[in-house]
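Q: Please take a close look at one part of this structure and what surrounds it. Keep the sentences short.

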Amino acid sequence: MSLAVIDIGGTSIKFAGYTTATGLFAQTRVATPKTLAAFYHCLQQQVAALRQITELTGVAISSPGVVDQAAGVIRGASAVPYIHHFPIVTELSNRLHLPLTIENDANCAALAEAQLGAAADVRDAILLVLGTGVGGAVIINGQLHRGRHLMGGEFGYMLHGDEDTVSHLGTLINTVARYNRQHGTQLDGKRLYELAQSGDSAASTAMQKMFHVLAVTIFNLQYSFDPDCFVISGGISQNPALLGDLEAALDEMMANTELTPIRPVIRIAKFQAEANLYGAAVHFYQQHQAGLIPLERT
């Protein structure tokens, strides 16, 4: 069974075909359209192109926003405002003439890691996506835990201290912005990390504060959900030094606590740029197996 898999982003949309036997194929990327009409045309055009090379039995989409599975609506807000607050699953399914599913992008990344990636050998896992904010997802018994208000995994909203959030203090983009304001520099995140690794004291202090926030967050989530492991994703996860730095921050923090020493297990995500595409496919198959969507339209 071939799927058309789609990852909607604020600047571009990725398309590919997918089968369980071959994985992703015929990958392409286009700029995200500016209007809903252009968006419909883009998806119809790309799915038609895939139909020229394979027989499609469904469409699986990764999307920003809070996806209400029962209503088939993307709630919340995102950098693609025209996809929100109407029954988009029904609309796209009718236009593409195929069964269709949509899931939140972080949830898709978590499903990819839970089924095919770094957490495939465990039952419960938490994905942390370190990007412009701290997002993620909770996997329990191999299934997404969305929560009562569909906000499961929105770890960036958690407070660190009385007034600040994990997203503000625990991401490289915000860390480098604070550093540049304090020191009158114009570094990017990659350069700040390099300075810290070279022994620059100011850069090291800035990065250590960020790692401490992430270590505290991981520790607290361990005692809240008690997962088998944490999987770290996002652009910074591609830095080979990240895992060691997080482990060191966690060791330092745990050395100063007398709580039961359950040490969180941290892993780096297997999938990076392709995670949302793989996860969208996993979500489609889960929905089909649960009987929530038909395999073929009638």
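A: Start with Thr-217: it is buried, because its relative accessible area is 3%, and buried means under 20%. This model is predicted. Thr-217 lies in helix α7. Set aside its neighbours within four places in sequence, and Thr-217 is in contact with Met-158 and Val-166.

Now look at the helix around that residue. Helix α7 covers residues 201-225. Two helices that α7 meets are worth a careful look: α8 and α6.

Take α8 first. Helix α8 runs over residues 242-255. The axes of α7 and α8 come within 9 Å and cross at roughly 70°. The two helices are therefore roughly perpendicular to each other, since angles of 65 to 115 degrees count that way. The crossing in which α7 passes α8 is right-handed.

Which residues make this contact? On the α7 side they are Phe-211, His-212, Leu-214, Ala-215, Val-216 and Phe-219. On the α8 side they are Leu-242, Asp-245, Leu-246, Ala-249, Leu-250, Met-253 and Met-254. Sorted by class, the contact of α7 with α8 has eleven nonpolar residues, one polar and one charged.

Next comes α6, which covers residues 189-197. Helices α6 and α7 pack at an angle of about 105°, and their axes are 8 Å apart. That makes α6 roughly perpendicular to α7. From α6, the contact uses Leu-192, Tyr-193, Leu-195 and Ala-196. From α7, the contact uses Ala-203, Ser-204, Met-207 and Phe-211. By class, this contact of α6 with α7 holds seven nonpolar residues, one polar and no charged ones. Notice Phe-211: this residue of α7 is listed in the contact with α8, and also in the contact with α6.

Step back to the core. The largest nonpolar core has 38 residues. Those with the most contacts inside this core are Leu-128, Met-207, Phe-211 and Ile-232. Several elements each supply at least two residues of this core. They are β8 (125-130), β9 (134-140), α4 (166-169), α5 (172-183), α6, α7, β13 (229-233) and α8. Helix α7 gives the most to this core, with twelve residues. Apart from this core lies another one, of 31 residues. Among its residues are Ala-110, Ala-137, Tyr-278 and Ala-281.

Back in the largest core, follow Ile-232. Which residues does Ile-232 touch, leaving aside neighbours within four places in sequence? The contacts are Leu-128, Leu-130, Ile-218, Ser-237, Leu-242, Leu-246, Ile-266, Arg-267, Ile-268 and Ala-269. Two of these names, Leu-242 and Leu-246, also appear on the α8 side of the α7 contact.

Now follow the chain out of α7. Asp-226 lies in the loop between α7 and β13. Asp-226 is partly exposed, with a relative accessible area of 48%. Thr-217, by contrast, is buried, at 3%. Asp-226 has a positive phi of about 50°, although it is not a glycine. Most residues other than glycine have a negative phi.

Ala-26 shows a similar backbone feature. Ala-26 is not a glycine, yet has a positive phi of about 50°. Its place is in strand β3, residues 23-31. At 41% relative accessibility, Ala-26 counts as partly exposed.

For another pair of packed helices, go to α1 and α2. Helix α1 covers residues 36-51, and helix α2 covers residues 88-96. They pack at an angle of about 45°, with their axes 10 Å apart. The helices α1 and α2 are therefore oblique to each other. Recall that α7 and α8 are roughly perpendicular. The crossing of α1 past α2 is right-handed. Helix α1 brings Phe-39, Tyr-40, Leu-43, Gln-44, Val-47 and Arg-51 to the contact. Helix α2 brings Ile-88, Glu-91, Leu-92, Arg-95 and Leu-96. By class, the residues of the contact of α1 with α2 divide into seven nonpolar, one polar and three charged.

To finish, return to the buried residue. Thr-217 has a relative accessible area of 3%. Its helix, α7, gives twelve residues to the largest nonpolar core.

Conventions:
Residues numbered from 1 in each chain as written. Predicted model: local features only at pLDDT ≥ 70, side-chain atom pairs only at ≥ 80, totals over all residues. Heavy atoms only, no water. Axes fitted to C-alpha atoms, helices over the stretch in contact; angles between N-to-C directions. Helix = DSSP H or I, 4+ residues; strand = E, 2+ residues; numbered from the N terminus. Parallel < 35°, antiparallel > 145°, perpendicular 65-115°, else oblique. Left-handed = near helix turned anticlockwise from the far one by under 90°. Contact = heavy atoms within 4.5 Å. Nonpolar A, V, L, I, M, F, W, Y, C, P; charged D, E, K, R; others polar. Core = buried A, V, L, I, M, F, W, Y, C linked by side-chain atoms within 4.5 Å. Buried < 20%, exposed > 50% of the residue type's maximum accessible area, 1.4 Å probe, protein only.
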